[in-house]
Amino acid sequence: MPTPDATAIADLREAHRAYLDAMLEGDTATLGDLLAGDFTLTHMTGYVQPKAEWLAQMRQGRFVYHSIQEKDTALDVDDDGTARLTVRTVTDATVYGTRAGWRLRLATDYVRHDDVWVAQRTVATTW
């Protein structure tokens, strides 16, 4: 199996960093651009939240991300223009008014459109 292009890997890491930075900044406009139209976020509760609902709740202050410490990251890039990036984090966030620190495993599926990685879905579980 061929090794993924180094540029594609670097671009994927950059897209991932931009995704987390937009969450931390509460920048829903940028986050909206980084996510596919049909993006979903599966919360650790199992709730599958559509992109529009998540971004609206961020704008309402229901999801406020204070810090996201990445502990380790793994990625798998396929030749078909898809990838999965999995990161273990310690995430300090206020969710529905309660602030806590969560040890999260975020598995994000990406697809490459016009040489840009776009997040298709993220599944959050605990570790």
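**Notebook: strand pairing and overall form**

I began with one cross-strand pair and noted that Thr 86 stands opposite Ala 107 in E5. This is a predicted model, and I read every entry below with that in mind.

I then followed the two strands around that pair: E4 and E5 (residues 98–113) run antiparallel and are joined by 14 bridges. Looking at the turn, I found two residues between E4 and E5 in their hairpin, with Tyr 96 in the turn at a positive phi of about 50°.

Next I turned to the other neighbour of E4, and saw that E3 (residues 63–77) and E4 (residues 82–95) are likewise antiparallel, with 13 bridges joining them. At the end of E3 I looked up Val 77, whose bridge partner in E4 is Ala 83. The hairpin of E3 and E4 has four residues between the strands, and there I noted Gly 81 with a positive phi near 85°.

Stepping back to the whole chain, I counted three helices and six strands, which follow one another along the sequence as α-α-β-β-α-β-β-β-β.

For overall form, I compared the radius of gyration of the chain, 14 Å, with the value near 14 Å for a compact globule of 127 residues, and the two agree. The C-alpha atoms fill a box of roughly 45 × 30 × 25 Å along the principal axes. I also recorded that 39% of the 127 residues are buried, and that 47% of the contacts between residues at least 6 apart in sequence join residues at least 24 apart.

Last, I checked the charges: the chain has 13 positive and 19 negative side chains, and the centres of these two sets lie 10 Å apart.

Terms used. Residues numbered from 1 in each chain as written. Predicted model: local features only at pLDDT ≥ 70, side-chain atom pairs only at ≥ 80, totals over all residues. Heavy atoms only, no water. Rg over C-alpha atoms; globule rule 2.2 N^0.38 Å. Buried < 20%, exposed > 50% of the residue type's maximum accessible area, 1.4 Å probe, protein only. Contact = heavy atoms within 4.5 Å. Lys, Arg positive; Asp, Glu negative; His and termini not counted. Charge placed at Lys NZ, Arg CZ, Asp CG, Glu CD. Pairing = 2+ DSSP bridges.
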